[in-house]
Amino acid sequence: MSLWTAIRDPLVGKTSLGKVFWVYGLLGSVLVSALGLFINSGHELTRRVYILFGLTYSVYVTVATYQCADNCQS
């Protein structure tokens, strides 16, 4: 599986809801938060890029979860 496929498939509903929730939602959010530990909070541009990345990732996971909700059996 390529990186592009891993990014695109949840957005078009081709991934299981469990995988989107646990891997993209939970594990991905933990990794993004851990990345924030290494951000120099005194550097304004770096902090803004991190905030923008975190917001973009949150929107991505929300849309992917909504798109993959039809894949759930119950």
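User: In this predicted model, are Tyr24 and Tyr60 buried or exposed?

Analyst: Both Tyr24 and Tyr60 are buried. The word applies to a relative accessible area under 20%.

User: What makes Phe21 partly exposed and Trp22 exposed?

Analyst: Phe21 has a relative accessible area of 46%. Exposed begins over 50% and buried lies under 20%, so Phe21 falls in between and is called partly exposed. Trp22 has 52%, which is over 50%, so Trp22 is exposed.

User: How many aromatic pairs does the structure hold, and why is the one of Phe21 and Trp22 called edge-to-face?

Analyst: There are four aromatic pairs. The rings of Phe21 and Trp22 are 4.9 Å centre to centre, within the 6.5 Å limit. Their planes are 85° apart; because this is over 60 degrees, the pair counts as edge-to-face.

User: Why is the pair of Tyr24 and Tyr60 called tilted?

Analyst: The ring centres are 6.2 Å apart, with the planes at 55°. That angle is neither under 30 nor over 60 degrees, so the pair is tilted. Tyr24 lies in helix 2 and Tyr60 in helix 3, 36 residues apart, so the pair links distant parts of the chain. Tyr24 and Tyr60 also belong to one aromatic cluster with Phe53 and Tyr57.

User: Why are helix 1 and helix 3 called oblique to each other?

Analyst: Their axes come within 7 Å and cross at roughly 60°. This angle is not under 35 degrees and does not reach 65, so the helices are oblique.

User: Which residues of helix 1 make the contact with helix 3?

Analyst: Helix 1 contributes Ala6, Ile7, Pro10 and Leu11, which meet Tyr60, Val63, Ala64 and Gln67 of helix 3. By class, seven residues of the contact are nonpolar, one is polar and none is charged.

How values were computed:
Residues are numbered from 1 along each chain as its sequence is written. This is a predicted model: local features need pLDDT of at least 70, side-chain atom pairs count only at pLDDT 80 or more; totals for chains, interfaces and linings use all residues. Side-chain values use heavy atoms; hydrogens and water are left out. Rings of Phe, Tyr and Trp (its six-membered ring) pair if their centres lie within 6.5 Å; planes under 30 degrees apart count as stacked, over 60 as edge-to-face and the rest as tilted. Buried means under 20% relative accessible area, exposed over 50%, partly exposed in between (1.4 Å probe, protein chains only). Helices (H or I, at least four residues) and strands (E, at least two) are DSSP runs, numbered from the N terminus. Axes are lines fitted to C-alpha atoms, for helices over the stretch in contact, and angles run from 0 to 180 degrees between N-to-C directions. Angles under 35 degrees count as roughly parallel, over 145 as roughly antiparallel, 65 to 115 as roughly perpendicular and the rest as oblique. Contact means heavy atoms within 4.5 Å. Ala, Val, Leu, Ile, Met, Phe, Trp, Tyr, Cys and Pro count as nonpolar, Asp, Glu, Lys and Arg as charged, and the others, Gly among them, as polar.
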